[in-house]
Amino acid sequence: MHKKEIYENLLAQARALVDKRFGRISNMANLSALLFGALPDLNWAGFYLLDGDILRLGPFQGKIACTEIPLGKGVCGTAAARAETVVVPDVHQFAGHIACDSASNSEIVVALTDGGKVWGVLDIDSPVLGRFDDTDKQYLEQIAQLIT
């Protein structure tokens with residue numbers, strides 16, 4: 001299967017899975033499991049929730065993670081501060097990268113907004129350099145919108 005086909009199937013599954021009746025935490029937990037299980041070459045998929053000027057660990061799948069990330073720091077904090085998706089082909093070249101897992105080599109972080117206000121991020125890490133591209137960005141932003 002090609003990447004777009006994988007994402008089209010994943011997007012359909014995510015739409016069927018996410019329901020506002022379940023609340024954000026439950027939906028994030030299920031989306032983390034769905035993404036981690038369906039996308040190849042990942043070692044982490046999950047969420048951080050904004051609490052003041054700190055991103056706090058939310059539902060995730062994968063290796064243990066940082067529990068707090070300051071707004072504006074690392075890839076997650078940068079995406080939240082900019083209110084935009086950040087794609088990093090090589091995290092070791094990203095100024096201020098926070099190494100929660102030394103096995104991670106590339107990362108994509110989608111800012112989660114509601115009414116223009118950031119409330120968290122969807123963070124996905126890979127041990128593969130250059131793992132994420134515009135196709136990942138396009139579809140992960142659509143999936144993230146399901147819970148905002």
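This passage describes a helix, an internal cavity and two loop residues in a predicted model.

Helix α1 comprises 15 residues, from residue 3 to residue 17. At 1.5 Å a residue, a helix of this length should span 21 Å, and the C-alpha atoms at the two ends of α1 are 21 Å apart, in agreement with that expectation. The buried residues of this helix are Tyr-7, Leu-10, Leu-11 and Ala-14. They cover an arc of only 105° around the axis, and therefore lie on the same side of α1. An α-helix has 3.6 residues a turn, so residues three or four places apart point the same way. The packing partners of the buried residues of α1 are two other helices, α2 (23-38) and α4 (134-145).

The interior of the model was examined for enclosed space. Rolling a probe the size of a water molecule over the atoms shows where empty space is left. One cavity of 30 Å³ or more is present in the structure. The space in the largest cavity amounts to about 160 Å³. Its lining is made up of 18 residues, of which Ile-98, Cys-100, Glu-107, Asp-123 and Asp-125 are the closest to the centre. Two or more lining residues are given by each of the elements β1 (44-51), α3 (74-82) and β6 (117-126). Helix α3 gives the most to the lining of the largest cavity, with three residues. In terms of residue class, 10 nonpolar, three polar and five charged residues line the largest cavity. Charged residues among those closest to the centre include Glu-107, Asp-123 and Asp-125.

Backbone geometry was also considered in the loops. Asp-41, in the loop between α2 and β1, has a phi near 60°, a positive value in a residue other than glycine. The relative accessible area of Asp-41 is 44%; because this value falls between the limits of 20% for buried and 50% for exposed residues, Asp-41 is classed as partly exposed. A positive phi, near 55°, also occurs at Ala-83, again a residue other than glycine. Ala-83 is found in the loop that lies between α3 and β4 (86-88). With a relative accessible area of 41%, Ala-83 is likewise partly exposed. The loop holding Ala-83 thus involves α3, the helix that gives three residues to the lining of the largest cavity, while the loop holding Asp-41 lies between α2 and β1, and β1 is one of the elements that give two or more residues to that lining.

Note on methods: Residues are numbered from 1 along each chain as its sequence is written. This is a predicted model: local features need pLDDT of at least 70, side-chain atom pairs count only at pLDDT 80 or more; totals for chains, interfaces and linings use all residues. Side-chain values use heavy atoms; hydrogens and water are left out. Helices (H or I, at least four residues) and strands (E, at least two) are DSSP runs, numbered from the N terminus. The expected span of a helix is 1.5 Å times one less than its number of residues. Buried means under 20% relative accessible area, exposed over 50%, partly exposed in between (1.4 Å probe, protein chains only). The arc is that of the directions from the helix axis to the C-beta atoms. Contact means heavy atoms within 4.5 Å. On a 1 Å grid over the protein atoms alone, a cavity is a set of points where a 1.4 Å probe fits but cannot get out, and a pocket is an open set with protein on both sides within 12 Å along at least five of seven lines; lining residues have an atom within 4 Å of a point. Grid points are joined across faces, edges and corners, and a volume is the space filled by probe spheres set on the points.
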